[in-house]
Amino acid sequence: MDRFDMALATATGRRRMLAALGVGGVALAAPALAQELARLGFRGARDERPLTGAFPGKGTMILQRATPPLLETPMSAFDGDVFTPNDRFFVRWHYADIPSSIDVGTFRLKVRGAVGRPLSLSLARLLRMPRVELAAVNQCSGNSRGFFSPRVPGAQWGHGAMGNARWMGVRLRDVLDLAGVRAGATAVRFGGLDRPATPGAPDFAKTLALDHARDGEVMLAFAMNGEQLPLLNGFPIRLVVPGWYSTYWVKMLDDIEVLTGADEQYWMAKAYKIPTTPQANVAPGTKDFPSEPINRMVPRSWVTSLAPGQTIGFTPTIPLGGIAMGGDHGVARVDVSADGGRRWHRAALGPDHGRYSFRRWDAEVPLRGRGRATLLTRCWNAAGTAQPMVANWNPGGFMRGVVEATDIVIA
Ligand SMILES: Nc1nc2c(c(=O)[nH]1)N[C@H]1C(S)=C(S)[C@@H](COP(=O)(O)O)O[C@H]1N2
Ligand SMILES: [Mo]
């Protein structure tokens, strides 16, 4: 257990913590500490949520919902390596009807639609194809939705509906070439083994434009951080769409359909739509606006070396560390402030694992004195896009990208 988990465990009480780990993801009482911090107005101190260790292949996670599972990664898990451990990687499913095991011998990936040769590929066949590996952040479109103000409906995620991994698999392009995409094809739709729990509900399926699907980066991944995918993260294979929000990263992928027209089904035509405005931003309350399917991610950054509400002793300067992501471009620069943005300091960037990966940053930042200190981090990506200082708003609670504030106490 690391120090943030320890803080939560202390706050919930040892017995409750142990109960949370034992009883199948049942919600438990809120820790008093987080409530007290929220009452005092500490930004980011909203971790009133129970922890669970009851899900297969997963360590201690923040329980958003048990069925279908929504498990959030505690921020502390991002402070070690820039790669998120598989057993701490967040989990999100739309429907509860998810296979609890997969027969790797009989599993087949279908490739059908506008192709010359429809395919039914075994895992053994896929494993014989040329492999690629790429580091990429998988982030839910609604990550950080719980910070939207005014509030919006949907899972009230903190910042932990994201994770970074080294994905290994085969290029989608190579699989499409095996099947031979026919002239007139425009898009490719992806479906998984999960099924709607209620009859008539639309099967979860997402679509990419053909050129995107064939860009050589979009991957059918069978490994994550050097191991097979955890069942809840899409075993045996999932789509990886580098730089794009994870709604497209279809898990337990078993169906690829090449289309000759637009995908008019619910999950593309109605769900996950954002305003076409800069930063997908509209005035709070706005409902009618031109919209498009959510797509590329934006730069973001966080302090991970200190937790919101944490108390530290005064020293003239303090070390701060955290992670940044550039969205669909690499991280070019991170600036840090310990005084709410009056003075900014350039952070040193850690090793570059590629444009789609988290990047570690570290800085030594002066403190003004005792009392509350507001820590800010701001990332620029290689395309020159900086995190905005003012939060965006849209009714879906999508694409939060604002410079985040973490309040700590200097004693
Ligand atoms: N088959 C399937 N794939 C899916 C989903 C789903 O409900 N079913 N949800 C998507 C969404 S919205 C998210 S945020 C990611 C979550 O990926 P993870 O659970 O591996 O973190 O899976 C995506 N792929
Ligand atoms: Mo998502």
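This structure holds 18 salt bridges. It is a predicted model. Ligand 1 occupies the largest cavity, and the protein buries 100% of the area that the ligand exposes when taken alone. Two cis peptide bonds are described below, one from Thr-67 to Pro-68 and one between Phe-235 and Pro-236.

**Salt bridges**

- Side chains of opposite charge can pair when their charged atoms come close.
- Arg-49 and Glu-72 form one of the salt bridges, with a distance of 2.7 Å from N to O.
- This pair links distant parts of the chain, 23 residues apart.
- Arg-49 sits in the loop between helix H3 (32-39) and strand E1 (51-52).
- Glu-72 belongs to strand E3, which covers residues 70-72.

**Ligand 1 and its surroundings**

- There are 19 residues around ligand 1.
- Phe-90, His-94, Asp-194, Arg-238 and Lys-251 come nearest.
- The shell is made up of 10 nonpolar, five polar and four charged residues.
- His-94 places a polar side-chain atom 2.8 Å from an oxygen atom of ligand 1.
- Asn-233 has a side-chain N or O atom 2.8 Å from an oxygen atom of the ligand.
- For Asn-138, a side-chain N or O atom lies 3.4 Å from an oxygen atom of ligand 1.
- Ligand 1 exposes 540 Å² when taken alone, and the protein buries 100% of that area.
- The space that ligand 1 takes is the largest cavity.

**Backbone features**

- Most residues other than glycine have a negative phi, and most peptide bonds are trans.
- The peptide bond from Thr-67 to Pro-68 is cis, and its omega is near -15 degrees.
- Pro-68 is in the loop between strand E2 (61-65) and E3; Glu-72 of the salt bridge is in strand E3.
- Phe-235 and Pro-236 are also joined by a cis peptide bond, with omega about 5 degrees.
- Pro-236 lies in the loop between strand E12 (227-228) and strand E13 (238-240).
- Ser-144, a residue other than glycine, has a positive phi, near 70 degrees.
- The loop between strand E7 (132-139) and strand E8 (162-171) contains Ser-144.

Conventions
Residues are numbered from 1 along each chain as its sequence is written. Chains are lettered from A and ligands numbered from 1 in the order in which they are written. This is a predicted model: local features need pLDDT of at least 70, side-chain atom pairs count only at pLDDT 80 or more; totals for chains, interfaces and linings use all residues. Side-chain values use heavy atoms; hydrogens and water are left out. A residue is near a molecule or strand if one of its heavy atoms lies within 4 Å of it. A polar contact is a pair of N or O atoms within 3.5 Å; within protein, one must be able to donate a hydrogen and the other to accept it, and residues adjacent in sequence count only if both atoms are side-chain atoms. Accessible areas come from the Shrake-Rupley method with a 1.4 Å probe; for residues, only the protein chains shown count as cover. On a 1 Å grid over the protein atoms alone, a cavity is a set of points where a 1.4 Å probe fits but cannot get out, and a pocket is an open set with protein on both sides within 12 Å along at least five of seven lines; lining residues have an atom within 4 Å of a point. A molecule sits in a cavity or pocket if more than half of its atoms lie within 2 Å of its grid points. Ala, Val, Leu, Ile, Met, Phe, Trp, Tyr, Cys and Pro count as nonpolar, Asp, Glu, Lys and Arg as charged, and the others, Gly among them, as polar. A salt bridge is a side-chain nitrogen of Lys or Arg within 4 Å of a carboxyl oxygen of Asp or Glu. Helices (H or I, at least four residues) and strands (E, at least two) are DSSP runs, numbered from the N terminus.
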